[in-house]
Amino acid sequence: MRNTTRKIAIAGVGFVGSSCAYSLVNQSICNEIMLMGRTPDRAYAQALDLSHCMDFTHTRTKIYTGSYADCGDADIIVLCAGASPKPGDTRLDMADTAYTIYKDMIPQIMASGFDGIFVAAANPVDVVAYMVWKLSGLPRQRVIGTGTSIDSSRLKTLLSEYLPVDPRSVRGYVLGEHGDSQFPAWSHVTVGGKPILDILAQHPQRFSQLKLDDIAAKTRNAGWEILQRKGATYYGIANAIAHIVRSMLNDDYNITAVSAVLEGEYGERGVCAGVPAILTRRGIAELVELNLAPEEREQFAFSSGVIRAAVAKLAL
């Protein structure tokens, strides 16, 4: 990533892409945002609308539309282009549509001379991140997915309602697929530095309503609940993207759960899955390999297998 320009390109200007741009603008994260959409008029309208925020923000962000050929000087490209799930579909059922989109898009972006970082947000995000890595030829450190970042946030929010504490006082991660096979690593969830398992063991009556299996299920199903009630999820994931982008642009060395290509970590290889990672201007500086409990290792292996099977169906 270059050290002078802070330019973010966003492919896809639907709910997620436009909400991501809005978060970037309001948090004054970058200097330039280039929007790329299948419908040029919609992309232009989104850019024009966002440009009218400038009088009410801390800094000016230049917002404009562009094409894949204009990506050569981008620091980070956020991939939001994708289809919405149909009733009864899982995220993995959208893999074929995603591949149709990105097998054409990524080569065109790379032809522009792009040498930055891809952040995949389109679903199925673990599969998309893996296909972008294969299609781009970039090092695995520079192709990541939003992964279980949003699921980890949902977990903390749910726990905070039972304890009760500020969600930011809860530390922990959801691992594996951003989908049905995900799981919270309960052995590493802490509240104010104290393990959640110790809290529940010491105060069984006080927190009798807090059932870990129920929390895990609510975390896993949160996206679908939103989808069924309003048709799409976008505010939470938009802020997750903004957090990831800011962490890398600012060289924060922030640890966030993202979808990363595994090459031996957690006993897995050749698959993208949600794990804690240290985010820097180089992309992923290091994957944090947690010492999981035996049952959690089994869950991680199962979840990785689900993702790997979905990738195997594509002609990568």
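These notebook entries record what I looked up in a predicted model.

**Entry 1: the largest pocket**

I began with the pockets. The largest pocket has a volume of about 1100 Å³. I found 43 residues in its lining, and Gly14, Cys80, Ala81, Gly82 and Ala83 lie nearest the centre. I then asked which helices contribute to the lining of this pocket. At least two residues each come from α1 (15–26), α2 (40–51), α3 (95–111), α5 (149–162) and α7 (212–230). By residue class, I noted that the lining divides into 22 nonpolar, 17 polar and 4 charged residues.

**Entry 2: the second largest pocket**

I turned next to the second largest pocket, which has a volume of about 530 Å³. Its lining has 20 residues, and those closest to the centre are Ser149, Ser153, Lys156, Arg171 and His243. I recorded that α5, β7 (170–171), α8 (235–249) and β12 (254–263) each supply at least two lining residues. Helix α5 gives the most, with 6 residues. I list the classes of this lining as 7 nonpolar, 10 polar and 3 charged.

**Entry 3: the nonpolar cores**

I looked up the largest nonpolar core and found 92 residues in it. The residues with the most contacts inside this core are Ile10, Leu24, Ile77, Val78, Tyr102 and Phe118. Helix α8 provides the largest share of the core, 9 residues. I followed Leu24 further, setting aside its neighbours within four places in sequence: Leu24 is in contact with Ile8, Ile10, Ile29, Cys30, Ile33, Ala242 and Val245. I also noted a second, separate core of 17 residues, with Leu155, Val170, Ile196 and Ile215 among them.

**Entry 4: the aromatic pairs**

I counted 6 aromatic pairs. Phe15 and Tyr234 form a stacked pair, 4.6 Å centre to centre with 15 degrees between the planes. Phe15 lies in helix α1 and Tyr234 in the loop between α7 and α8, so the pair ties together parts that are 219 residues apart in sequence. Is Tyr234 buried or exposed? I count Tyr234 as buried, because its relative accessibility is 13%, and the cut-off for buried is under 20%. Phe15 and Tyr234 form one aromatic cluster together with Tyr235.

I then examined Tyr266 and Phe300. Their ring centres are 4.8 Å apart and their planes stand at 20 degrees, so I entered this pair as stacked. Tyr266 is in the loop between β12 and β13 (269–280), and Phe300 is in helix α9 (residues 294–312); the pair thus links distant parts of the chain, 34 residues apart. Both Tyr266 and Phe300 are buried.

Conventions. Residues numbered from 1 in each chain as written. Predicted model: local features only at pLDDT ≥ 70, side-chain atom pairs only at ≥ 80, totals over all residues. Heavy atoms only, no water. 1 Å grid on protein atoms, 1.4 Å probe; cavity = no way out; pocket = protein on both sides within 12 Å on 5 of 7 lines; lining within 4 Å. Points joined across faces, edges and corners; volume = space filled by probe spheres on them. Helix = DSSP H or I, 4+ residues; strand = E, 2+ residues; numbered from the N terminus. Nonpolar A, V, L, I, M, F, W, Y, C, P; charged D, E, K, R; others polar. Core = buried A, V, L, I, M, F, W, Y, C linked by side-chain atoms within 4.5 Å. Buried < 20%, exposed > 50% of the residue type's maximum accessible area, 1.4 Å probe, protein only. Contact = heavy atoms within 4.5 Å. Phe/Tyr/Trp six-rings, centres within 6.5 Å; stacked < 30°, edge-to-face > 60°.
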